[in-house]
Amino acid sequence: MVAIHIDHLYKSFTFSRGWGKHRKQTNVVAVDRISLNIPCGQAIAFIGPNGAGKSTTIKMLTGILHPTAGKAMVLGYVPWKDRQSLARRIGVVFGQRSQLWYHLPPRDTLELLARIYDLEPKVFRQRRDSLVERFGLNEFWSTPVRKLSLGQRMRAEVAASLLHAPQILFLDEPTIGLDVLARQKLRNLICEWNQQEGTTVFLTSHDTGDIERVAQRIIVINHGQVMLDAPVSELRRRYLNEKILSVKFHTPIYEFPTLQGVRQLEVMDFGLKLEINTRLIPIEQVISQILQIGSVADVAIEDPPLDAVIAHIYNQPASEGLSL
Ligand SMILES: Nc1ncnc2c1ncn2[C@@H]1O[C@H](COP(=O)(O)OP(=O)(O)OP(=O)(O)O)[C@@H](O)[C@H]1O
């Protein structure tokens, strides 16, 4: 079943700039005829550089904004027409904006939400207890939100957004500003929730760690258009055709021959780091050259970092499009 269906969704903003006779109407196209299908249960990372159109898309899919043209169905609802009904079936978390009551502890917030969503007391208690345990809310259960650390607050935000058991969870930059540990903890919780509960996850993030950990599919937009739509697992393997080869030797090495398709990233007394374009040279050929120049103690072959792949994709002109 399709959770989200988007068909040529388009949004432009018209606003005035300047004063008096210099006042001019300006038109900005934020989302430019996007078409997508997202099946139920999938976790997708919807990414792009600043101003690419991510938030505008999320706002249309959650019913906050009307599109200028095009269609979208979320769980069978037209979001901007059936916003109330849709709100009972989706969870939304904005990393930059808290949706919790600032002066209330998570305990009271969850109780208020249970009333808003009309949950049966028994169902509420079960879900609350399970969320408290999974999200580790016990340690700050009775502490007002204003006194929580950012990591604790974000865990409470996500837990609160899941209380009514939404079928889709929209997360707009959920890990922004978190330290390494808090970020890891939160992305693990989101990933586990997606896998164990089957909730569809629509995530935007500038953090490649979030994307790798949480998402199965990556959709890159730029200038309001979809530039790439691919499984995360294939992105590095098939997109750049590059490998990073690190070698350690038992004895110092002095020279590595110049080979087409091989770039030396680092040369140390006992080691080498090479970037290999496997379209130009097979990796076996590079390894056999390495074996000739010294006695090898260790070899590691890695894919390029996802950061590098994504930066490369962002730099492509929108008109070219990309496919795997
Ligand atoms: N209310 C608005 N009025 C005018 N222009 C807007 C409005 N909202 C967004 N835009 C413009 O639409 C474009 C897309 O913005 P959007 O916020 O969707 O990008 P984004 O991909 O979420 O960026 P970021 O990563 O910085 O949050 C930008 O050029 C932005 O300036």
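**Figure 1. Contacts of Leu-245 in strand β10 of the predicted model.** In this predicted model, Leu-245 is in contact with Leu-274, Ile-276, Val-286 and Ile-301, when neighbours within four places in sequence are left aside. The residue belongs to strand β10, which covers residues 242-249. Leu-245 has 19 other C-beta atoms within 10 Å and therefore counts as partly exposed, since a buried residue requires 20 or more. Leu-86 provides a remote reference point: Leu-245 and Leu-86 are 159 residues apart in sequence, and their C-alpha atoms are 49 Å apart in space.

**Figure 2. The two assigned domains and the protein as a whole.** The domain assignment divides the protein into domain 1, made of 2-13 + 30-236, and domain 2, made of 241-303. Taken over C-alpha atoms, the centres of domain 1 and domain 2 are separated by 43 Å. The C-alpha trace of the protein spans about 70 × 60 × 45 Å along its principal axes. The protein contains 10 helices and 13 strands. Of its 324 residues, 33% count as buried. Among contacts in the protein with a separation of 6 or more, 67% are accounted for by residues 24 or more positions apart.

**Figure 3. The open six-stranded sheet.** Six strands form an open sheet with the order β5-β6-β7-β3-β8-β9 and mixed pairing. The edges are occupied by β5 (90-94) and β9 (225-231); each has a single partner strand, so one side of each is left without a neighbour in the sheet. On average, and with direction ignored, neighbouring strands of this sheet are turned by 15° against each other. Strands of a sheet pair through backbone hydrogen bonds, in either a parallel or an antiparallel manner.

**Figure 4. Edge strand β5 and its pairing with β6.** Strand β5 runs parallel to β6 (residues 168-172), and five bridges join the two. Within this pairing, Gly-91 stands opposite Leu-169 of β6, and Val-93 has Leu-171 of β6 as its bridge partner. Although β5 stands at an edge of the sheet, four of its five residues are buried, so the strand is largely enclosed by the rest of the structure.

**Figure 5. Helix α1 across the sheet.** Helix α1, residues 54-61, lies across β3 (43-47), β6, β7 (200-204) and β8 (217-222). Its direction is at about 150° to that of β6. These four strands are among the members of the open sheet of Figure 3.

**Figure 6. The shell of residues around the ligand.** The ligand is surrounded by Phe-13, Phe-15, Val-28, Ala-30, Gly-48, Asn-50, Gly-51, Ala-52, Gly-53, Lys-54, Ser-55 and Thr-56. Two or more residues of this shell come from each of β1 (2-17), β2 (24-39) and α1. Helix α1 makes the greatest contribution, with three residues. By residue class, the shell divides into five nonpolar, six polar and one charged.

**Figure 7. Positive phi values at His-8 and Arg-33.** Most residues other than glycine have a negative phi. His-8, which is not a glycine, has a positive phi of about 50°. This residue is found in strand β1; with 13 other C-beta atoms within 10 Å, His-8 is partly exposed. Arg-33, also a residue other than glycine, has a positive phi near 60°. Arg-33 is located in strand β2, and its 16 C-beta neighbours inside 10 Å place it in the partly exposed class.

**Figure 8. Gln-126 in helix α4.** Gln-126 is part of helix α4, which comprises residues 121-134. With 12 other C-beta atoms within 10 Å, Gln-126 is exposed, because this class extends to residues with 12 or fewer such neighbours. Leu-163 lies 37 residues away along the chain from Gln-126, and the C-alpha atoms of the two residues are separated by 10.0 Å.

Technical notes. Residues numbered from 1 in each chain as written. Predicted model: local features only at pLDDT ≥ 70, side-chain atom pairs only at ≥ 80, totals over all residues. Pairing = 2+ DSSP bridges. Axes fitted to C-alpha atoms, helices over the stretch in contact; angles between N-to-C directions. Contact = placed C-beta atoms within 7 Å. Near = placed C-beta within 6 Å. Nonpolar A, V, L, I, M, F, W, Y, C, P; charged D, E, K, R; others polar. Domains from an automatic or database assignment.
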